[in-house]
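Reader: Hi! I'm about to open a structure I haven't met before. Could you walk me through it?

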Amino acid sequence: KEACVNFFLPRLSCCHCVCTRGMKVSKVSAAGEELQLRGATLVLPLVTTGNVGQLAADLVLTTSDAQRIARLHSNAVEPCVCYGATEASPAAARAASALHTALELYRVSDDFVLVQQRSPYVEGRREAFVTEVADFCQSQGIARVILLASCEPIFKGDSLIARGGVRFADFGALSAIDHERLHAQGIPELEQSTSFEAFPTTGPALFSYFGPGSIVRHFVAAFAEKPIPCAVLMISCAEGDNSADAARMAEALSHTTNATLRSQEAGSWRAPAAWAFMYGDANDHLLV
């Protein structure tokens, strides 16, 4: 399984990092070159049910001309290392020599960057991670954040379960043109739920969308306090093969930006070769 090798490591400090409050940044670009993120849109996939956000980020990174510009280091995320994570062909994945880590920052275009998270939160440190990311975005001058998340159908209304697909919730990050693009693609706004109205909230009508323990709710509230406009792309799913949901999420994301996430030549979204080993080897048909 050469195309998909992951190693979980003990937590080590890094002495070649640029400190940004709680989060540390190791620049992959030339020495002395600034990240230059001021005014950019940052896309952040969240570790949620089915991890559709991470899969959608994989599709964007493999299909587009995205360039890795930094590694992010946080004690709130389990450390890991892998290689061949963004290569589309098995041969390229096997030949890849550059290591990938748990948190990496990619530039998709001049004003569009994406964070890929490849390992879960450390137990008890999830809210600390939310604070670190919000502080990082504020210190770097990020203009808006788009969160990619997925949830179990039980937490959403009947229409979301029946129709499937991506929904969006906008907290000041999307323009009228963005709304028009999403609606034109059949992507409606996320239905508000009355299930969470009894819970207090610090964000803009958060109780209407997300439960009190939702990582999405914590992120939206943290960005509202900065304040940094944000939006959420949400899809209902279950644990299992969510590659089709990831393609829907990546397609929805492409309608919130002017950046080219998928060229005409690329055609459909390209999955990284590592996906072939996501669920282990195929069953031997002689044994079933």
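Reader: Let me start at a random spot: leaving aside neighbours within four places in sequence, which residues is H255 in contact with?

Author: H255 is in contact with D178, R181, L182 and Q185 once those neighbours are left aside, where contact means heavy atoms within 4.5 Å. Before we go on, this is a predicted model, in which local features need pLDDT of at least 70 and side-chain atom pairs count only at pLDDT 80 or more, while totals for chains, interfaces and linings use all residues. Residues are numbered from 1 along each chain as its sequence is written, and side-chain values use heavy atoms, with hydrogens and water left out.

Reader: Thanks! And where is the place of H255, and is H255 buried or exposed?

Author: H255 sits in the segment after α7 (243–254). Helices (H or I, at least four residues) and strands (E, at least two) are DSSP runs, numbered from the N terminus. With a relative accessible area of 15%, H255 is buried; buried means under 20% relative accessible area, exposed over 50% and partly exposed in between, using a 1.4 Å probe and protein chains only.

Reader: New topic: how many cavities of 30 Å³ or more does a search of the whole structure find?

Author: The search finds one. A cavity here is a set of points, on a 1 Å grid over the protein atoms alone, where a 1.4 Å probe fits but cannot get out. Grid points are joined across faces, edges and corners, and a volume is the space filled by probe spheres set on the points. The largest cavity holds about 50 Å³ of space.

Reader: Which residues line the largest cavity?

Author: The lining is made of M23, L42, L44, L72, L103, V115, F129, V133 and F136; lining residues have an atom within 4 Å of a point. Helix α3 (126–140) gives the most, with three residues. Strand β4 and α3 each supply at least two.

Reader: How do those residues divide into nonpolar, polar and charged?

Author: Nine are nonpolar, none polar and none charged. In this count Ala, Val, Leu, Ile, Met, Phe, Trp, Tyr, Cys and Pro are nonpolar, Asp, Glu, Lys and Arg are charged, and the others, Gly among them, are polar.

Reader: V133 was on that list. Where is V133, and what is V133 in contact with?

Author: V133 is in helix α3 and is buried, at a relative accessible area of 6%. Apart from neighbours within four places in sequence, V133 touches M23, L44, F219 and F223. V133 and F223 are 90 residues apart in sequence and 9.2 Å apart in space, C-alpha to C-alpha.

Reader: Which residues have the most contacts inside the largest nonpolar core?

Author: Those are L42, F219 and F223, in a core of 45 residues. A nonpolar core is a set of buried Ala, Val, Leu, Ile, Met, Phe, Trp, Tyr and Cys residues joined through side-chain atoms within 4.5 Å. Apart from that core lies another, of 33 residues, among them L61, F112, A173 and A231.

Reader: Nice. How many aromatic pairs does the search find?

Author: Three. Rings of Phe, Tyr and Trp (its six-membered ring) pair if their centres lie within 6.5 Å; planes under 30 degrees apart count as stacked, over 60 as edge-to-face and the rest as tilted. Y121 and F129 have ring centres 5.5 Å apart and planes at 45°, so this pair is tilted. F129 also pairs with F219, edge-to-face, at 6.3 Å centre to centre and 85° between the planes. That second pair links distant parts of the chain, with F129 in helix α3 and F219 in helix α6, 90 residues apart. Y121, F129, F219 and F223 form one aromatic cluster.

Reader: And α6 itself: how many of the 11 residues of α6 are buried?

Author: Eight of the 11 are buried, so α6 is largely enclosed by the rest of the structure. Among the buried ones are I215, R217 and F219, and F219 has 0% relative accessibility. The cover over the buried residues of α6 includes β4, α3, β10 (144–151), β11 (166–171) and β12.

Reader: Last one: what is special about the backbone at P227 and N51?

Author: The peptide bond from K226 to P227 is cis, with omega near -10°, and P227 is in the loop between α6 (215–225) and β12 (230–236). N51 has a positive phi of about 50° although it is not a glycine. N51 lies in the loop between β4 (41–45) and α1 (52–63) and, at 32% relative accessibility, counts as partly exposed.

Notes:
On a 1 Å grid over the protein atoms alone, a cavity is a set of points where a 1.4 Å probe fits but cannot get out, and a pocket is an open set with protein on both sides within 12 Å along at least five of seven lines; lining residues have an atom within 4 Å of a point.
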